Amino acid sequence: MKTRKELKKLYNTLEFQKEYQYDGKDLGALCTQAGTTFHLWSPLAEEVELRLYRDGKHSECFQKIAMQKEKRGVWSYQTERYLHGVYYDYQIPWDGEIVELGDPYARGCGVNGIRSMVVDLNRTNPLQWEHDQRPKKREENIIYELHIKEFSWDESGGFSKENRGKYKAFTEEHTTLFGDGEHSTGLDYLKELGVTHVQLMPVYDYGSVDESNDEEFNWGYDPENYNVPEGSYATDAEDGAVRIREFKEMVQSLHKNGFRVIMDVVYNHMYSLESNLNKAVPWYYFRTKDDGTISNGSACGNDVASERPMCANYIVDSVLYWAEEYHIDGFRFDLMGLLDVDLMNRIRRALDERYGEGEILLFGEPWAADQTAMEGDALPALKENIGRLDRGVGMFCDDTRDAIKGHVFEAKIPGFVNGAEGMEQEIFESVRAWCKGGGSEKEKAKAKAPSQVITYVSAHDNWTLWDKLGKTIADEGERLQVNKMAAAIYMTCQGNLFFLSGEEFARTKDGLENTYNAPIELNRLDWQRAYAYSDLRRYYQGLIALRKQLPGLCDKSAQAWKRIYGEWTKPGVVGFFVDNCKGEGCTARKSVTRWKRLCIIYNSTETIVEKDLPDGTWEVLLDGESSFCWKEEICAEKAVAAPHSVAVFGERV
Ligand code: CA
């Protein structure tokens, strides 16, 4: 076997690329009533043996088959047999040593993802799956991030015992707090809250949890089989068809209840270098440095080489597969800054071609944990390259996040709402969702449109908003007030809104920053808390309901920023007006929005702030106490914002 250094050289030669580039769509095992085909891309292998099993773990193989060498580095076996439900793996001799591997393109697998499984995907569809429809695309995207197990694990959720922590919990409708029949949890709760998208933390098959042990917990940012659902969330992790069917049932139920579904995808690194991809084509799918050492920009031990043509193909195919087979409506890319700009734009184009422009949401984290050894002319999809990304590829905006509530890593460094001075300009830029890329070409690197920006203050990483605010504000009443203010600021910014589940009820992880492998008891959603913090939760509800009536803020077009005007600031205060008409120019109709213009004030000072309103009939839409003022038709003579509050006023159409 060649060294990593030699392999790197080989893979980058034009000859290798010419000879082995394979664009066929039949890699993996495909099974229909007409028969079954197996294809594996392994250009350096000298022989490949396919082995078939009755189950996913213990049994001896019942058949060994020598694979046929085809062109372009592909190995194949075809049979008229209907092998649905048969498990398989491969053996490849490398330098006299036999390497066992599952199928990198596996669509099904056994427990813990070790053996792959042949699946006739039609057999995994729940009833009525062919009628499953994505809820209508909307402009006012409000994304709610949650983890499958955290969502329903706690007894307070009122889910049935067997479904707690599972995909299946999402098929339970009308659950209530300990089953009291009164306080909604689960899907009804999300409907009342008003979010439009549910973002699922990793649901592909990951490696850090033993699927046969229900006690284990992990966030799951450690992929093993990219194209198979995680088994620990299935009611049966051993029968590879169950996880597929139950995943589809979950999506179907979320769709039926009006939510679009976003999947958190981690194409930037894998659980281990013992992965099927690395065994099939050693060091092709992972970055190495010129001296042969392993690139580790993910800080998780390896970086996927997204810029290599067959690796890019793999990722594009995988995303399309989830959108097509599982009806996924959006993708959130973990450490997108480790992937390359061309790949992200290519995924955007492929999704647009198939589903219509912008129909599927696409965004990611525009950063990496460390330097990565990306090759050739490839450019990383980092924030500084936002201008090179398609308008339909979005980024989490850490500027907005940190400007509002303070430094993400430094506990004591506050933001605008909790005592920082001189933040006015940054806050105002957040409103326009500019999300600047930094560096000398600041202007160039700014977002093309709010479609490119995820506006948020909390996510699964780092402290919850409540815990972060607690680092500088001890008094609970004060903290609640400031929490409301933080929420009201980002929910009156342009961009796609995003928040961590439970932010609306002061979710806490006891002040811990990174709970990826902490016990489920700490990570779980505590539905009791949702009702212990009803005042805060209702404030979020009202904010979300109001937000949906503000096209001036939801507009995702490149001209959206022009709607924000008349800005003014003084220390601790930011004020501005918003053209809230629907569509281009002012063509507002009563049915579309009640207010043609908004006046918004963020007041983080100790004193009342007043501002004269232009001529017109103005109403109070929101203040520091209530986010439902807009229901009351309260006349406003003047714009007044109480200390530590956000106030919104609307001019009647
Ligand atoms: Ca797994």
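**Exercise 1. The calcium site**

What spacing do the donors of the calcium ion follow along the chain? Identify the donors as well, and state whether Tyr206 and Glu211 are buried or exposed.

*Solution.* The structure is a predicted model.
Step 1. Four residues coordinate the calcium ion: Asp205 through OD, Tyr206 through O, Glu211 through OE and Glu230 through OE, at 2.2 to 2.4 Å.
Step 2. Along the chain, these donors of the calcium ion follow the spacing D-Y-x4-E-x18-E.
Step 3. Buried means under 20% relative accessible area. Tyr206 and Glu211 are both buried.

**Exercise 2. A pair of helices**

Describe how helix 7 and helix 8 pack, and determine which residues meet.

*Solution.* Step 1. Two packed helices are described by the angle between their axes and the distance between the axes.
Step 2. For helix 7 (residues 309-325) and helix 8 (residues 341-355), the angle is about 35° and the axes are 10 Å apart. The crossing of helix 7 and helix 8 is right-handed.
Step 3. The contact includes Ala312, Ile315, Val316 and Val319 from helix 7, which meet a set in helix 8 that includes Leu343, Ile347, Ala350 and Leu351. By class, the contact of helix 7 with helix 8 comprises eleven nonpolar, one polar and three charged residues.

**Exercise 3. The open sheet**

Establish the strand order of the six-stranded open sheet, and explain why one side of strand 20 and of strand 25 is left without a neighbour in the sheet.

*Solution.* Step 1. The order is 20-21-22-27-24-25, with antiparallel pairing.
Step 2. Strand 20 (564-570) and strand 25 are at the edges and each has a single partner strand; therefore one side of each lacks a neighbour in the sheet.
Step 3. Within the sheet, strand 21 (residues 573-579) and strand 22 (residues 595-603) run antiparallel and are joined by seven bridges. Asp579 has Arg597 in strand 22 as its bridge partner.
Step 4. Helix 10 (residues 424-431) packs on the sheet and touches strand 20, strand 21 and strand 22. Helix 15 (residues 534-547) lies across strand 22, strand 24 and strand 27, at about 130° to strand 24.

**Exercise 4. Strand 24**

Explain why strand 24 is described as largely enclosed, and name the residues that pair with Glu619 in strand 27 and in strand 25.

*Solution.* Step 1. In strand 24 (residues 618-622), five of the five residues are buried, so the strand is largely enclosed by the rest of the structure.
Step 2. Strand 24 pairs with strand 27 (residues 645-652) in the antiparallel sense over four bridges, and Glu619 stands opposite Gly650 in strand 27.
Step 3. Strand 24 is also joined to strand 25 (residues 634-635) by two bridges, again antiparallel. There, the bridge partner of Glu619 is Cys635.

Technical notes: Residues are numbered from 1 along each chain as its sequence is written. This is a predicted model: local features need pLDDT of at least 70, side-chain atom pairs count only at pLDDT 80 or more; totals for chains, interfaces and linings use all residues. Side-chain values use heavy atoms; hydrogens and water are left out. Buried means under 20% relative accessible area, exposed over 50%, partly exposed in between (1.4 Å probe, protein chains only). Two strands pair if DSSP finds at least two bridges between them. Donors are N, O and S atoms within 2.8 Å of the metal (3.2 Å for Na, K and Ca); water is not among the atoms, so sites may look incomplete. Axes are lines fitted to C-alpha atoms, for helices over the stretch in contact, and angles run from 0 to 180 degrees between N-to-C directions. A crossing is left-handed if the near helix is turned anticlockwise from the far one by less than a right angle, and right-handed if clockwise. Contact means heavy atoms within 4.5 Å. Ala, Val, Leu, Ile, Met, Phe, Trp, Tyr, Cys and Pro count as nonpolar, Asp, Glu, Lys and Arg as charged, and the others, Gly among them, as polar.
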